[in-house]
Amino acid sequence: MGTGKRGLIATAVTVVCAVTVLAAPGTAFAAPSPSPSSSPSSAPVSNKELEDVRKQLEKLYHEAAVATDAYNAAEEAAEKQSAEIVSLAKKIVKGQDELAELKKRAGSAAAAQYRSGGLPDEAKLMLSNDPRDFLDGAGRVLQGQRATKGLLGEMTRVQQDLEQYARDASAQWQKLEAGRKAKAAAQKKIEKQIKAAEQLESQLEKEEKKRLAELEEEAARKAQTAWLDSGVLDDIKGKASEQGRKAVEYATAQLGKPYEWGAEGPKTYDCSGLTSQAWASAGSGIPRTSQEQWKQLERVDIEDMRPGDLIIYNADASHVAMYIGDGAIIHAPRPGRTVTIAGAGSMRILGVVRPDA
């Protein structure tokens, strides 16, 4: 590649490769700059050079998607841990109130026993006009002693419960803090990858960006054509369930809304934010992230899938879309794009899961 703009794009691709490899939290990204001897050139960028840019952008946005899943997982875990801490705090307050009441009752019982216990039993028997009165009184004293013993046992149990609640709350706080760090690291990586992609795209002229978009569409079209040519649609005849139909309706209503990592609507979405909210609207809560959707939901064969099922993409389950029938999907693709319809086979399919199995 020559000097000027073409050299700048080559430099940008090289630097982006380095960012992808060295994308550790805290690593700064330096925008590529032309050497002093370079001067802008009007030489057109070849399709091969644009294809290199396309592949690097795909890699950067894939890394951002992986980090987004990590961010979403940390966010979901933090919400659960916070709820657990609140629940434990309520148990501790309730236990402290219960313990205070038990101590009060135990104190009253001890005082009553003290007041009635001034003479030994033999003396009470000798002074009693009716031995039966004494025996009745002795029985009541024995019952009081047993009740006091029961109170002490209950106090011990409540105290032990309080100590366990405190330990559990401390453990949840530690998990919450670890989750915050993981979330911050994921956010830093997401922003780094997206910034690198945006800087790479910024080196292109308007016409070159248009050609790049055409290359992206062509790559997706080729993949979709190869998928369809396999005859896969010949076997896919499933009809949407009632919940599946509602989920598809929700997803369809979001068409044109921007992608935003970590977003669950209603104005913006990331890929799993769209699918999880679509199924929530249909009355079925599912995991927040594409990786957990792949792990936890029931898997079905591609030829058995039906509208509303979720197609998981990439070997690391870093992307998810909703199948809507006729070989098409609705998904939130990546930063800079909007919720759109695409070919189900336009990306590397890992498998299919069914939320309402």
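**Close-up views of salt bridges and a buried histidine**

**View 1. E177 and R180 share helix 4.** In this predicted model, E177 and R180 are both part of helix 4 (residues 131–202), where three residues, about one turn of the helix, separate them. Their side chains form a salt bridge, with an N to O distance of 3.3 Å. E177 has a relative accessible area of 37% and is therefore partly exposed. R180 is likewise classed as partly exposed, because its relative accessibility is 43%.

**View 2. E58 and R54 form a salt bridge in helix 2**. The closest N and O atoms of E58 and R54 lie 3.4 Å apart. The two residues are four positions apart in helix 2 (residues 47–115), so about one helical turn separates them. The partners fall into separate accessibility classes: E58, at 43% relative accessibility, counts as partly exposed, whereas R54, at 12%, counts as buried. The class of R54 follows because buried means under 20% relative accessible area.

**View 3. R288 and D270 link distant parts of the chain**. A salt bridge joins the side chains of R288 and D270, with 3.1 Å from N to O. R288 is located in the loop between helix 7 (271–281) and helix 8 (290–296), while D270 belongs to the loop between helix 6 (242–253) and helix 7; the two are 18 residues apart. Both R288 and D270 are buried.

**View 4. E51, R54 and E58 belong to one network**. Salt bridges with shared partners connect E51, R54 and E58. The bridge between E58 and R54 is also the subject of View 2. Across the whole structure, a search finds 17 salt bridges.

**View 5. H331 is a buried residue in strand 4**. Strand 4 spans residues 328–331 and includes H331. H331 counts as buried because its relative accessibility is 6%, and buried means under 20%. The side chain of H331 makes a polar contact of 2.9 Å with the side chain of H319. Leaving aside residues up to four places away in sequence, H331 touches L274, H319, V320, A321, T338, V339, T340, A342 and M347. H319 thus appears both in this list of contacts and as the partner in the polar contact.

Technical notes:
Residues are numbered from 1 along each chain as its sequence is written. This is a predicted model: local features need pLDDT of at least 70, side-chain atom pairs count only at pLDDT 80 or more; totals for chains, interfaces and linings use all residues. Side-chain values use heavy atoms; hydrogens and water are left out. Buried means under 20% relative accessible area, exposed over 50%, partly exposed in between (1.4 Å probe, protein chains only). A polar contact is a pair of N or O atoms within 3.5 Å; within protein, one must be able to donate a hydrogen and the other to accept it, and residues adjacent in sequence count only if both atoms are side-chain atoms. Contact means heavy atoms within 4.5 Å. A salt bridge is a side-chain nitrogen of Lys or Arg within 4 Å of a carboxyl oxygen of Asp or Glu.
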